[in-house]
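Q: Please take a close look at one part of this model. Then place that part in its surroundings.

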Amino acid sequence: MTTIAADMRQTFLHTVSGALDDDPRLALVLADISYATVAPAAQRHPYRVINVGIREQLMISVAGGLALAGMRPVVHTFPPFLVERPFEQIKLDLNHQGVGAVLVSSGASYDMAGAGRTHQGPGDVALLDTLPGWTVHVPGHPEEARRLLLAALPGDDRVYLRLSAQANAEPQPETGGFRVLRRGRAGVVLAVGPMLDRVLDATATLDVTVLYAATVRPFDAAGLRAAALTADRPDVVVVEPYLAGTSAHLVADALADVPHRQRGLGVRRDRELRAYGVPADHDAAHGLDAPGVAAAVRAFLRLD
Amino acid sequence: MTVETLTGYAALQPLMARMTGDEKHDIAAESTVDILWVLYDRVLDVAPGRMDDPDRDRFLLSKGHGPMAYYAVLAAKGFLDAAELDGWARFGSPLGHHPDRVLVPGVEIGSGSLGHGLPIGLGVALGLRAQGRNRPRVVVLAGDAELDEGSNHEAIAVAGRLGVDNLTVVVVDNASASLGWPGGIARRFAVEGWATTTVDGRDHDALEAAFTAPHAGRPLAVVATVEPKGA
């Protein structure tokens, strides 16, 4: 695991600033967070870089209105303030109005570990799963983030791009589905975004298939199913950098007609972790560091 | 009595009766009916064939409760087939107790949960401005009790500070806010830089004058006072 401070975020802000120059349909909506970084773009496009101040409900509603007026809104802040605080605005002012936006969060589940619970957003993907029609990208590298952002900008659909300061050493190529990185017999481990390097590390000596996903919604059920049915047993471990088990219902759907087992690793749901420190501390506490993932995979696949 | 025998404002009563089933339903019981009529009859530059025209005026019913008057006006103005009114609120009808823009021709936003229309309207107004579309205006109808929702106040502040003068809000004041608005509703807008006016929400000429008053560089708030709810 390599931690590159704010690298996906800087990549996003640079990329979207450039895109504003090229596409008159784009508008960037901010609630103070990151505004200083895009100030030059705001000077060039004063009506298309809209900072509403610390007003996150309004940020989403304005995006809905911009989309109704024919624009392509990009909305950005930290996950709790982008998805949790204005959740009804996402549900009603985007989904219910039948319009789209590109929501780009930065901070993930605990990039700002020292900031505490208020700035941690492990529930974002699970919340968006309660609404139809969201594409959810969880890039594992700044280059993947750049590519996924540029692919999302021309559309009019609903896209969530979840950026993190945690990243893999190298980007993965675009494959349009889950990418097979390693093949094995004992089961399947699906690594989501920044979880990949630690999953590869944790499973280096294990006879398992490793899949990689930078896009989790839509969920590549066919890819997962093909991998699971190729193993000796259709046993699946999903390693997600947000709430544990967030994708469990989709794994169950993908293998609905096959007796199978699954285990979801991620941010624990059973209690609030009242601790500060750095992301690595939280990885360890949630069993999301390489030793934690290795132990869980070995135990679940009965490899010990 | 049929719809075809009446035109204009007088057509609204039989149209609403198709929903209420009450031939004698007093349309004045609807706090919004005169405001809606004046907007669609005298103020808004919009027509049934122009819902895809980016330069049309937009009306956003934020207070989605009690939409019968809205549906009646849309039917009277030809946006909506009057026959649809008969199925009001039934399963399969496009017309519910709260309007849905995806289902009802002429409806610009789906509403019902309070405090969404004004913030969305600000976004529409900013989107028009960003595209250099300086002619169309955005008019949002909200209720005095709806202003309880804090989301409105995020929009009121930002619209004022950014001088979004293509945005108009009409607040129907039927004194239904549980905790009231001491000092009046218009002050909440004025302090944020809006042009404001308070008028009789039953007086068509006064409403028209309020909606068409110049307010360059500032958003416009029209407080339309009607009888207190339940009076």
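A: The answer starts with one helix, then moves outward to its chain and the partner chain.

This is a predicted model: local features need pLDDT of at least 70, side-chain atom pairs count only at pLDDT 80 or more, and totals for chains, interfaces and linings use all residues. Residues are numbered from 1 along each chain as its sequence is written, while chains are lettered from A and ligands numbered from 1 in the order in which they are written.

The part to look at is helix 7 of chain B, residues 204-212. Helices (H or I, at least four residues) and strands (E, at least two) are DSSP runs, numbered from the N terminus. Which residues of helix 7 of chain B are buried? They are Leu207(B), Ala210(B) and Phe211(B). These three sit on the same side of the helix, because they cover an arc of only 95° around its axis. The arc is that of the directions from the helix axis to the C-beta atoms. A residue is buried if 20 or more other C-beta atoms lie within 10 Å of its own, exposed if 12 or fewer, and partly exposed in between; C-beta atoms are placed from the backbone.

Now turn the helix over. The face turned away from the buried side carries Asp205(B) and Thr212(B), and both are exposed.

What do the buried residues of helix 7 of chain B pack against? Their partners in chain B are helix 2 (33-43), strand 3 (167-173), strand 4 (195-200) and strand 5 (220-225). Two residues are in contact if their C-beta atoms, placed from the backbone, lie within 7 Å.

Next comes the rest of chain B. Chain B has 7 helices and 5 strands. From the N terminus on, its elements run α-α-β-α-α-β-α-β-α-β-α-β. Of its 231 residues, 48% count as buried. Take the contacts in chain B with a separation of 6 or more: residues 24 or more positions apart account for 73% of them. The radius of gyration of chain B is 17 Å, which agrees with the value near 17 Å for a compact globule of 231 residues. This radius is taken over C-alpha atoms; the globule rule is 2.2 Å times the number of residues to the power 0.38. Along the principal axes, the C-alpha atoms of chain B fill a box of roughly 50 × 40 × 35 Å.

Confidence comes next. The pLDDT of chain B averages 94, and 98% of the residues score at least 70. pLDDT is the predictor's confidence in each residue, from 0 to 100. The model scores ipTM 0.96 and pTM 0.96.

An unreviewed UniProt entry annotates residues 28-216 of chain B as "domain: Transketolase N-terminal". UniProt positions are given in the numbering used here, feature names are shortened, and annotations may be inferred rather than shown by experiment. The span 28-216 of chain B is 32% helix and 12% strand, and its end C-alpha atoms lie 33 Å apart.

Two loops of chain B are worth a stop. Ala145(B) is found in the loop between strand 2 (138-143) and helix 5 (150-161). Ala145(B) is buried, with 21 other C-beta atoms within 10 Å. Leaving aside its neighbours within four places in sequence, Ala145(B) is in contact with Ser176(B) and Ala177(B).

Ala89(B) lies in the loop between helix 3 (68-76) and helix 4 (117-130). Is Ala89(B) buried or exposed? Ala89(B) is exposed, with 12 other C-beta atoms within 10 Å. Its phi is near 70°, a positive value in a residue other than glycine. Most residues other than glycine have a negative phi.

Last comes the partner, chain A. Chain A has 12 helices and 14 strands. Its radius of gyration is 19 Å, close to the 19 Å that the globule rule gives for 304 residues, so chain A is as compact as a globular protein of that length. Buried residues make up 55% of the 304 residues in chain A.

How many residues does each chain bring to the contact? Chain A gives 25 residues and chain B gives 23. On the side of chain A that touches chain B, helix 3 (56-68) and helix 5 (87-96) each supply at least two residues. Helix 3 of chain A has the largest share of that side, 9 residues. The residues on that side divide into 12 nonpolar, 9 polar and 4 charged. Here Ala, Val, Leu, Ile, Met, Phe, Trp, Tyr, Cys and Pro count as nonpolar, Asp, Glu, Lys and Arg as charged, and the others, Gly among them, as polar.
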